[in-house]
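Welcome to the tour! Open your viewer, set the display to cartoon, and follow along one selection at a time.

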Amino acid sequence: MSQYYPRPRKALGQNFLTDRNIITKIIAAAQPAPEDCVLEVGPGRGALTDLLAQRVRRLVAVEFDRDLAAILRQRFSDASHVVIHEQDVLKVDFGPLLGADRFKVVANLPYNISTPVLFRFLEERHRFSKLVVMLQKEVGERLAAPPDCSDYGVLTVLFRQWFEVKREFLVAPGCFHPAPKVESVVISLVPLAQSRVEVGDQSLFERVVKAAFAMRRKTLWNCLKSADLLDPPRLEELLAECGIDGRRRGETLDLEEFARLSRQLRVARQQA
Ligand code: SAM
């Protein structure tokens, strides 16, 4: 049955997947099983939703576009295991929406909000068993970047701390309607049972990481000094105690070095 759809809305990052092969590959990466609960973010015209609904126990979809949410609700009106919420994924309260079940996430993300959505997934990671997300290639590269390259940043360090990150495959603009201007990549993220490193105090660790990348051209010493984390003379000593040269740039530190710095900073701040 043909379906009337409203014109794609650029402001909502609406680039709909049309390539059957890519749709199949995304579903294969998510490995939906009959006992699974799946959260789909931005189901749009339902390219992935139809296949997911056939395979899982529970499917929750969050779509911001009122018209598309209404069409999907109608389409799945006989499927009690599928619930379509017309909501903004950046504001939705995942607790009442998902309950106590652990969910797989499948999302072809609207590219204009992909980074804040990733940070939400990071915050809510305890709810998820696996995430398969499509992003613009540039953001995907940041998730999987090694230290000392321009893509390496806050997103890389925090996702490396909490997830196994795997770059699945690239997707060309011609696989969507309308075609986006950039290439895309599918990434899978599996939350670790615990942090990959001992950081001492998570919020202090995040402050340190954010400070280190806040002024990318400045040295680590300058960045940390500006963040007002510790008296400058003590900060200088602390860097030496950690075996980290303050003249380095933040982007050269690996996860273990950030963790060491954060642990020792915590102790130094308690003693100050
Ligand atoms: N999953 C569909 C597909 O693969 O063809 C659509 C993907 S399209 C790139 C992104 C979808 O996210 C659109 O349907 C758009 O309306 C929806 N969207 C945009 N902003 C959103 C938000 N803040 N919360 C939830 N969904 C949003």
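Which atom of Gly42 lies 2.7 Å from a nitrogen atom of the ligand? Select Gly42 and the ligand to find out: a backbone N or O atom of Gly42 is the partner at that distance. Keep in mind as you look around that this is a predicted model.

**Stop 1: around the ligand**

Stay with the ligand and show the residues that surround it. There are 22 of them, and Leu17, Gly42, Glu63, Asp88 and Asn108 come nearest. Now pick out Leu17, where a polar backbone atom is 2.8 Å from an oxygen atom of the ligand. Next, click on Asn108, and this time look at the side chain: one of its polar atoms lies 2.8 Å from an oxygen atom of the ligand. Try switching on a surface for the protein, too. Taken on its own, the ligand has 590 Å² of accessible area, and the protein covers 97% of that.

**Stop 2: the two domains**

Zoom out and colour residues 10-191 as domain 1 and residues 202-271 as domain 2. The C-alpha centres of these two domains are 34 Å apart.

**Stop 3: where the domains meet**

Select the contacting residues on both sides: twelve from domain 1 and 13 from domain 2. About 1,000 Å² is buried between the domains, with carbon and sulfur atoms giving 67% of this area. Highlight Tyr152, Val154 and Val157, which supply 42% of the area that domain 1 buries against domain 2, more than any other three residues.

What kinds of residues make up the side of domain 1 that touches domain 2? Seven are nonpolar, three are polar and two are charged. Finally, look for links across the interface: five residue pairs are in polar contact between the domains, while the number of salt bridges found is zero.

How values were computed. Residues numbered from 1 in each chain as written. Predicted model: local features only at pLDDT ≥ 70, side-chain atom pairs only at ≥ 80, totals over all residues. Heavy atoms only, no water. Domains from an automatic or database assignment. Contact = heavy atoms within 4.5 Å. Buried area = accessible area lost by both parts, 1.4 Å probe. Salt bridge = Lys/Arg side-chain N within 4 Å of Asp/Glu carboxyl O. Polar contact = N/O pair within 3.5 Å; in protein donor to acceptor, adjacent residues only side chain to side chain. Nonpolar A, V, L, I, M, F, W, Y, C, P; charged D, E, K, R; others polar. Near = heavy atom within 4 Å. Areas by Shrake-Rupley, 256 points an atom, 1.4 Å probe, with all protein chains shown as cover.
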